[in-house]
Structures are given as structure tokens and as C-alpha cells.
Amino acid sequence: MDISQKDCENLSQYLAHEGQSLFEHMSECAKTVAVLLAQIGLPKLGRALGWLHDFGKLSDDYASYLADALKCPEQFDRGKRGSVDHSTSGAQFIWEQLQVEKEMQYSALSFLRQMMVLCVASHHHHSLIDCWRGDSVEDDILIQRLKKAYKDTHYTEIVGKLSNHEKRVFEELLNRDELEKEFKDIYHTIINGRDKKSCLFNFGMLARLMFSALISADYMSSSGRGFLLQNTVPDWALMQSKVEEYMKQFKADSELNQCRAEMSEACLKAAQGSQGIWSLTLPTGAGKTLASLRFALAHARKYKLSRIVYVIPYTTILDQTSASLEKVLGQDLFKQLVLVHHSNFVMEDKDADGSKEEWSTERKNWYMEICQTWDIPIVLTTSVQYLNACYAAGKQHVRRMNSLMRSVIIFDEVQAIPWSSKVLFEKSLEFWALAGGSTLLKCTATQPKSKEQKSVCGKGGNNLERGEIVPNCKVYFARFEQFRNVEVQCEVSCRRRKWTLEAMVDLIVEAAEKDCTVLTIVNTKSLAARLFKKCQECLPEALCYHLSTNMCPAHRLHIVNNHISKEALEKARQEKKPLICISTQLIEAGVDVDFDVVIRTVAGLDSCMQAAGRCNRDASRYKGRVIVLNPSDELEKIDQLWALNKAVQESTKAILTMDDCSRMLDMENVNNYFERYQQILHIEKSGYTSYITHVGKIVSNLVDLYSCNSNLFKKSDRYEKFSLFQAFDLAASNYKPIDDDTIAIFSPYEEGETLIGELSDDDPFTTGDWDSWKDKLSKLRPYSVSIRENKVSEYLREGTIYAISEKMKLYAIPKGKYSETLGILPNGVELLTV
């Protein structure tokens, strides 16, 4: 049923925002939400949400409030913002119209009723509001909203204003039989073969997805961008043709390259298979980026999906993936179709000769909007941003969630997902495969076997776990190991010595003199800096390089691309010039380098395996060497490193102290490592992988808060008509995928020095400088270094940093405190991983 302006004359007489009638706004929102939710079969439900979310703006109080705000905006008291409740009355209207009997508590109608109410009541909040929060009977947040006095929500006033025809129009939007019929398909899909907790978790995710669609529609209409006409399918065939043309340059001219070609073809073939959750476990250096892209494009084309999303744990891998896609698609197509979204990245336009172009205002506005919505064919983002979109508070995170519907979502280096979010991650995969119409691809060279992971039962009882794209991947691991012929030496046994700084330097120098190129990977930045200095002193004729996050991203990228690239390493071999690189673990994944010898201080076996992937990577030499050693406590205090907790230490020790260390990187041992790790983790921290959260004196976890809320919820007859009792807002507000107590400071590396000077000249508190200031901040991100927030005062006192703007808490590094080889040079030494 189309609703015309004539059907709702009252709505045309009221304003939603300046220059936009309430009818126009609600109509546009209804169209957009309907289009978005049509992707999962819920257009009527979406349409009703769009029409009813601003129901409360029909009140006289809201009209007066808006008139005052528009009459003299400079003098309007910003404290009054949100003082008129215009979201509760719409929720109350839905609650009254869709009555549910007591015995229908967990029926399809009961779930959709409460989810619609949650979305409307929450639409001016940073997340869904709580159904139940805390541990007392006063914490029934949603019930309190629904029972709020009609005079305070203007419900009676608004309903009284509606003509009989308008009432029938709104009642028809909430036609019980039609909405229930539409919802039953997804309802039965979710409850099929699942326990109560899993069902409630998925219904909670669905409620957030509906909320995401409503928030996106509200922003689109309020900002003057109108509404979404239809979901468009990108030209996957064009992109696929570009990739296949690019692939022609690769020849199966060696046994290793023949293996790569076979695995890539297996990915292309698997794309014709069913939607669901796939795994791609391939050796390091097998070409997962292009192989997964071939799968994604062909699969998206077959099922007419909306986008491809790459989820990547580290910005170093993300930048490399971005560069690969730009080569494949070409610069122009890449610029139109790909968003690279992480905090250190701002895409640079280039003209025909490759020089940088200034961004146009239109380009800036486009980029900022796309970052908020991910509404573009291909998105490259981080694991943190993905998990935030699924679970965190903040409208920018909520808005992105609906762009994960009907997508191919590729998780690169999936083993790097934070273990505290492991169950949340697995449950998100289940939801997207089950109810979101998406296909998930988990890529890694070290796929962890999850204890929580079970078969995912989809519509009709089909298992949505599709298994390995390359079923015989073990064969390829064995063949890669054979071709690379990497000798593994293990020096971490309790029976053997712990390595001093001098002994480590002697080992590195000896290896460089004998084998030419040596990569040493350590766990702390302090040890990396000390080893680098000593190696320079002991072997001055060698080319020595250092990599850690004490250096800004632009600095690190310069070292990787210009000094330790495959070409640079081969040149050093040809010239018989020793080359040494000392790095933290940032080089372990996604950085395409090929050293003769790799030395790794003891770490998780997955890290050791990734490090080994940087040795004789292309099997272009007869053999390579990987040495794992145990540094003294004075060098690396292992027990103080979060990345090497007790579970990692014990599970790694069980593998590394076995009799035949040369087999430590076999797939069987890697699987045993993950099994051992999870066993210890569950003993050490019960519920750790479900993201433990403290609510007062009660210990809960996010999986429970998003599902049964059993640790907080107090049963009562008052809630017999409720189906959901989640603490959505409590969970979202407490969720941080990683503990990040760092602050970004700006380095004077290359262009950074000029940009810092320009930024200092601007005043962000004046309108004229605001846009210029924001633009310079964006350009400075590649020149930023992260430090602990608790170090700021100390670094200011000792002159390691200085304040650019005290008001905005922006700091920079003086030129004398930033080294061309080591990055930031604080007087003290921090113990920081990566």
C-alpha cells in the first residue's frame, strides 16, 4: 500500500527538520528501510519502522521546540536538545496495535513486536536500549519506556490529532497477519534446531540489523540525500574480467607456482557452490589474496550479492591488500569501487603522471559518507571495525552493520581475531550465514579449530558450514614445505640456555655473513631497538633496518617497499652484501618478503609459523633456515607480555620441547597447539572467549548479555509478554575488541613535519579553519605513532613530545626526538608488543 500526502495531511503540516515536512521525512525513511530489509525478506516490517519512528514529532511540544531552535539557532540552548521525547509514542503505538497473548511469548509475532518497539524507542540513542539492565527490579528499561505516561510521551494528543482515515493508514502499516506472515520465514530459520540461548542471540542480532537500517535511512533523509530506490548489484563481471586478465601474467613455471595455480583454480571453482561459511587454509605465500578475490567476485556474481568486505587484522596487511587490488583493478576502477577504511589511511588521488592531486570538496564528502555506511562494492577494513559494526555502541558502528547483509565477507588471518571476542566472532558468522544472506570466508595459514564451533543449521536443516575450499590443503602444506626446504632449529627447551643480547647479536651477524639476508623477529620494541644498534656496531658494512610501531606507518611502509622488498633482497644477494632486518611481529603476516634466514624469539606457534613464511618464500633457493630461541628474562620478560599469556606459553612449550623440533610447524602440531591453548584458556579464565564483563559485583559476559541475560535478569509476571531480555546498551557500551589505551602523536617524518607546522597555524575553534584543520589531521594519520596515554605527562616533561593543541589533546614529536632508523626516541623504554 502506497501512502500519499493526501492520506496523511497532518504529517504535511508539521516539520521533521528545517526545510523538511514530517510526511516527506517519514516517507523517505520508510522507502529506504523497506529496500534495505527487503534483502532479508522484511520489506513490510521496514516500511512500518520508517513511517512510525518519528511518530512523536506530531506533538505541539516538539513543534514549539523545533520552531525555537530554527528561529534563533545561535541563542538556542543546546542543553534543551532531546528534551522533547518524540521516540516513545511510536513504540507505544506499535505495542498497542500488535497485541500478543500470554501463551504467545515466544511466537513470531511476539519477537517482531518487541524488535520493532526496540528500534523505534532507540533511534536517537547510540545503540539499542536495554530490555533489562543491572540486577534489581528497577532495571526494566524497556518496560519503563512503554509504561511512560501518555501525557509525557504525547501519545494521547497525537492519536487524537489523526483523522479516522489516517488512523486506518497507520493501523494498516501494522497489519498483524501480514507482518507475521512476512516474519515467519526468518523466524523459523533462526529457531530451527537451536537451543534457546542461540536463538535469542540471533534475534538480538536481527534487532540490531533492523535498527541499523532505520538509522541509515534517518541519516540519509535528514541530510537531504532522499531515499534508496533499490538495492543495486555491482558489475561483478567487469571486475572479474579484470582479475582474470591480471592472472594471465602468472605462469606455472615451477612446482611451487603450479601449486599456487591449482589452489587458485580451486577457489574459482568453489565459488559456484552454495552460500554459507567456507574456510581457506593455505600455506603462507600461496597467494590467498588473489585466490580469495577470485572466489569472492565469482560468488558475488552468481548470487547477485551487494558487496565484498575484506576484514583484516593488521593495517600492514590491509595496506598491502589495497595495493594488490589497485594493481588488479586499475587506479580509476579502484578509486570508484573500493573503500579502504582504517584510522591510518586516507586515499590519495593522483593525476595522469602519478603526482598527488588535491581532494575536491565533493570527493571528501563522498569519502566521509562512505566510511560511515560502507555503501560501496568492495570494502577493506579491520577486524576491530567489523566487530564494532556487529556489537559496539556508536551510531557510526551501527550504521555500517546493514552493509554486511548480502555480502561476501573475507576474514584474512582469521586466527588473529582477539581471543576475548572469539565466541562473539563465531556467532556473528552464524548470524550472517543464517539470516543475513551472506557468505563468509575464513582465510589463514594456521586455522584454529574452535571448541565452540558447531555445525550451523540453516533453512531446511542444511549445514551452512561448507568446509575447506581446498579439501586436500594438507597435501599443499607438505609440498610447500618440501619445495622451500626450510630447516627448523629450536633453542627454547628448558634444558637449554636462554640467550643473552651478545649471543643473539653473534648469531645474527654470523648468519648474515654466511647466508646474506637475515630477518629477526622479537616480541618487544625495546629488544628490537637494542639488537638493531648492536648489529650496526658489530657489522658496519651490512645493510641494517629496523621495524616497529615506534615508527609511523609511512616510515615502515618506506622500509618494506624500498629496502626489504623481494627485489631489494635479491639485489643484496647478487652483490653479496649482508642485509639484516630487526622487526617486531608486525612483519609476520601479509608482508611479502623472502629472507634466507629467519630468527624468532619464542612466541605462540601460530606466530612462529607466520615468521617461517618469510623464509625462502618462493622456493627460489636451495634451502632456508628458521631458528626459534628463548631470550633471557632481562631481554624479554615473557610473563609480562599480554600476547604471550600463560595459555600461549604452556601450549607452545608442549610443542617446542618435543623430541623432533624440525616438525614443529606441521599442520598436525599447529592443530594440537590450538587445542592445548583453548584447554588451558578455559581452565585459566572461565568464559574468557565470551568477553567477560563486570556489572557491579556480578560477573557476566557479552554473549550472555546479548542472549538470555541470565546473570542479571530477574523473572517477574510483568514480563510474560516479552521475548527478549537483553542488556543491549550495557553490552555495547562495555565492548572494546582490543584494549587500546593509546593516543596518537604526530611524527616529523618526511611530509609530517610540514603538516604539523600547518596544523599549528590553524584554530579548529573558528569556522574558517575547521575544514582545513580536519583535512590536515587526515593527512597526518600516516605520520602518527601510538603511545600509552599514561606516558603523555612523562613525555611532555622530558621533551619527547610537545603539545600542538592542549584543547584538542594533540601532540607531536620534535625532530630531534624522531630517528630515521628507530622512530620515536623516548628517554625511558616502554615494554610494548608489536
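A residue is called buried here when its relative accessible area is under 20%, and with that cut-off in mind the tour of this predicted model can begin at a pair of phenylalanines.

Select Phe-411 and Phe-425, each of which is buried. Before turning to the angle between them, recall that a pair of aromatic rings is described by the distance of the centres and the angle of the planes. For the next pair, select Phe-183 and Tyr-187, whose ring centres lie 6.5 Å apart with the planes at 35°, so that the pair counts as tilted. These two residues stand four residues apart in helix α11 (residues 176–191), which means that about one helical turn separates them, and both Phe-183 and Tyr-187 are buried. Returning to Phe-411 and Phe-425, the viewer should show ring centres 5.0 Å apart and planes at 85°, so this pair is edge-to-face. Because Phe-411 belongs to strand β9 (residues 407–411) and Phe-425 to helix α21 (residues 422–434), the contact ties together parts that are 14 residues apart in sequence. The count of aromatic pairs in the model comes to 28.

Next, select Phe-201, Tyr-391, Tyr-691, Tyr-706, Phe-728 and Tyr-735, which ring pairs link into a cluster. Keep Tyr-706 and Phe-728 highlighted, since both also appear in the lining of the largest cavity, together with Ser-127, Leu-128, Arg-208 and Ala-732. That cavity holds about 50 Å³ of space, and its lining divides into four nonpolar residues, one polar and one charged. In total, the structure contains four cavities of 30 Å³ or more.

From there, move to strand β18 (residues 692–695), where Thr-693 and Val-695 make up the covered face, while Ile-692 and His-694 make up the uncovered one. In a regular strand the side chains alternate between the two faces of the sheet. Adding strand β19 (residues 698–701) to the selection brings in the antiparallel partner of β18, joined to it by four bridges, and within this pairing Ile-692 has Asn-701 as its bridge partner. The hairpin has two residues between the strands, and Gly-696 takes a positive phi near 65° there.

The last stop is helix α32 (residues 751–761), in which the buried residues are Gly-752, Leu-755, Ile-756 and Leu-759. Looking down the axis, one finds that they cover an arc of only 105°, which puts them on the same side of α32.

Methods: Residues numbered from 1 in each chain as written. Predicted model: local features only at pLDDT ≥ 70, side-chain atom pairs only at ≥ 80, totals over all residues. Heavy atoms only, no water. 1 Å grid on protein atoms, 1.4 Å probe; cavity = no way out; pocket = protein on both sides within 12 Å on 5 of 7 lines; lining within 4 Å. Points joined across faces, edges and corners; volume = space filled by probe spheres on them. Nonpolar A, V, L, I, M, F, W, Y, C, P; charged D, E, K, R; others polar. Buried < 20%, exposed > 50% of the residue type's maximum accessible area, 1.4 Å probe, protein only. Pairing = 2+ DSSP bridges. Arc of directions from axis to C-beta. Phe/Tyr/Trp six-rings, centres within 6.5 Å; stacked < 30°, edge-to-face > 60°.
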